[in-house]
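Student: I have a model open and want to read its fold. Can we go through it together?

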Amino acid sequence: KLCMSSYTQIIYQIIFATKYREKVLLRENRPQLFNYIHGILINKKCRVYCINGVEDHIHIATDLHPSVALASLVKDIKIASAMYIRAEGLFPEFSSWAIGYSAFTYTIKERDRLIAYIERQEMHHINTSSREELISLLNEHGVQYIVKYLE
């Protein structure tokens, strides 16, 4: 008997920010947030490569299970993590996540470079603002955008 399955290999870099890019994600509690988000992704049958971020945004490198829609996944992560942040008191100044997100795709050959980039977020943002980083990624991936809507 022939059994059909779905096979995919699409690595996503998902980025979302705090509301108004407020710098409220305190370094000492970020690992706890990242572990929580990792658990959400595992429960959605996603393969997680890396999660990291700075005071005002996070990056996730993951693949998506074929049954998972990107927009639904991001919505679920943002809702659940915001509730978790409040319940645990992780970031006292956190109000919410910004509306929207960015997502870019990568090949398996680019995976290690992407992971290294996400792991170096603290160092990267010494000289580059979150907004500058986003504009650079949008341009690199050929995504059209309206400047006034970039938070």
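Student: Which residue of S3 does valine 54 stand opposite?

Tutor: This is a predicted model. S2 covers 47-54, and S3 covers residues 57-63. The two strands pair in the antiparallel sense over 7 bridges. Opposite valine 54 in S3 stands histidine 57.

Student: Which strands stand at the edges of the sheet?

Tutor: The sheet is open, its 4 strands pair in an antiparallel way, and their order is S2-S3-S1-S4. An edge strand here has a single partner strand, so one of its sides is left without a neighbour in the sheet. The two edge strands are S2 (47-54) and S4 (102-106).

Student: By what angle are neighbouring strands turned against each other on average?

Tutor: Direction is ignored for this value. The average turn between neighbouring strands of the sheet is 15°.

Student: What angle does H2 make with the direction of S1?

Tutor: H2 packs on the sheet. There H2 touches S1 (11-17), S3 and S4. Its direction and that of S1 differ by an angle of about 45°.

Student: How is the packing of H1 and H2 described: parallel, antiparallel, perpendicular or oblique?

Tutor: Two packed helices are described by the angle and the distance between their axes. H1 (residues 30-43) and H2 (residues 70-88) have axes 10 Å apart, at an angle of about 140°. Over 145 degrees would count as roughly antiparallel, and 65 to 115 as roughly perpendicular. That angle therefore makes H1, relative to H2, oblique.

Student: Is the crossing of H1 and H2 left-handed or right-handed, and how many of the contact residues are nonpolar?

Tutor: H1 passes H2 in a right-handed crossing. H1 brings Gln32, Leu33, Tyr36, Ile37, Ile40 and Leu41 to the contact; H2 brings residues including Leu73, Ile77 and Ala80. Of the contact residues, 2 are polar, 1 is charged, and the nonpolar ones number 10.

Student: What pattern does the protein follow along the sequence?

Tutor: The secondary structure comes to 5 helices and 4 strands. Read along the sequence, the pattern is β-α-β-β-α-β-α-α-α.

Technical notes
Residues numbered from 1 in each chain as written. Predicted model: local features only at pLDDT ≥ 70, side-chain atom pairs only at ≥ 80, totals over all residues. Heavy atoms only, no water. Axes fitted to C-alpha atoms, helices over the stretch in contact; angles between N-to-C directions. Parallel < 35°, antiparallel > 145°, perpendicular 65-115°, else oblique. Left-handed = near helix turned anticlockwise from the far one by under 90°. Contact = heavy atoms within 4.5 Å. Nonpolar A, V, L, I, M, F, W, Y, C, P; charged D, E, K, R; others polar. Pairing = 2+ DSSP bridges.
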